[in-house]
Amino acid sequence: MLIGLSFKLLKLKVRSKGCASCTLTAVRHLLKIPGVKGVRAVGDCLIVVMYPSVDHNRVLNNEELNLYYRIVHWEVVEEPPHSFKLSNG
């Protein structure tokens with residue numbers, strides 16, 4: 001875990017508008033959004049790591065992401081999922 005740094009976590013469940021198995025390519029689109037520090041797949045969800053000052057609507061309303069994917073559920077989470085680890089690297 002990164003000590004001394006605070007991040008906002010946005011948990012997304014997305015579905016591809018094309019191939020159902022292509023959902024993880026959303027990571028490439030998410031990483032292009034300003035303020036997004038990283039993305040991890042956890043189960044069938046994506047955890048988007050953002051700087052605290054970034055409004056989560058910047059991700060939810062991103063034109064490129066919404067062109068290829070449909071966000072079926074989202075939530076800002078206070079605690080990371082049990083299997084989630086954020087580290088330098």
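**Exercise 1. Work out where His-29 sits and whether it is buried or exposed.**

Step 1: Start with the secondary structure. His-29 is part of helix α1; helices here are DSSP runs of H or I with at least four residues, strands are E runs of at least two, and both are numbered from the N terminus. We're working with a predicted model, in which local features need pLDDT of at least 70, side-chain atom pairs count only at pLDDT 80 or more, and totals for chains, interfaces and linings use all residues. Residues are numbered from 1 along each chain as its sequence is written, and side-chain values use heavy atoms, with hydrogens and water left out.

Step 2: Check accessibility. His-29 has 8% relative accessibility, so it counts as buried (buried is under 20% relative accessible area, exposed over 50%, partly exposed in between, with a 1.4 Å probe and protein chains only).

Step 3: List the neighbours. Leaving aside residues up to four places away in sequence, His-29 touches Glu-64, Leu-65, Tyr-68 and Tyr-69; contact means heavy atoms within 4.5 Å.

**Exercise 2. Now do Glu-63: is this residue buried or exposed, and how far apart are its C-alpha atom and that of His-29?**

Step 1: Glu-63 belongs to helix α3, residues 63–68.

Step 2: With a relative accessible area of 70%, Glu-63 is exposed.

Step 3: Glu-63 and His-29 are 34 residues apart along the chain, and 9.9 Å separates their C-alpha atoms.

**Exercise 3. Lay out the sheet: what is the strand order?**

Step 1: The order is β2-β3-β1-β4, an open sheet of four strands with antiparallel pairing (two strands pair if DSSP finds at least two bridges between them).

Step 2: Find the edges. β2 (36–42) and β4 (69–77) each have a single partner strand, so one side of each has no neighbour in the sheet.

Step 3: Go pair by pair. β1 (residues 8–16) pairs with β4 over eight antiparallel bridges, and Lys-11 stands opposite Glu-75 in β4. β2 and β3 are antiparallel too, joined by six bridges, with Arg-40 partnering Ile-47 of β3.

Step 4: Look at the turn. Two residues lie between β2 and β3 in their hairpin, and Gly-43 in the turn has a positive phi of about 65 degrees.

**Exercise 4. Which residues touch the most other members of the largest nonpolar core?**

Step 1: A nonpolar core is a set of buried Ala, Val, Leu, Ile, Met, Phe, Trp, Tyr and Cys residues joined through side-chain atoms within 4.5 Å.

Step 2: This one has 18 residues, and the answer is Leu-12, Leu-30, Val-48 and Val-59.

Step 3: Another core, of six residues, lies apart from it and includes Phe-7 and Val-77.
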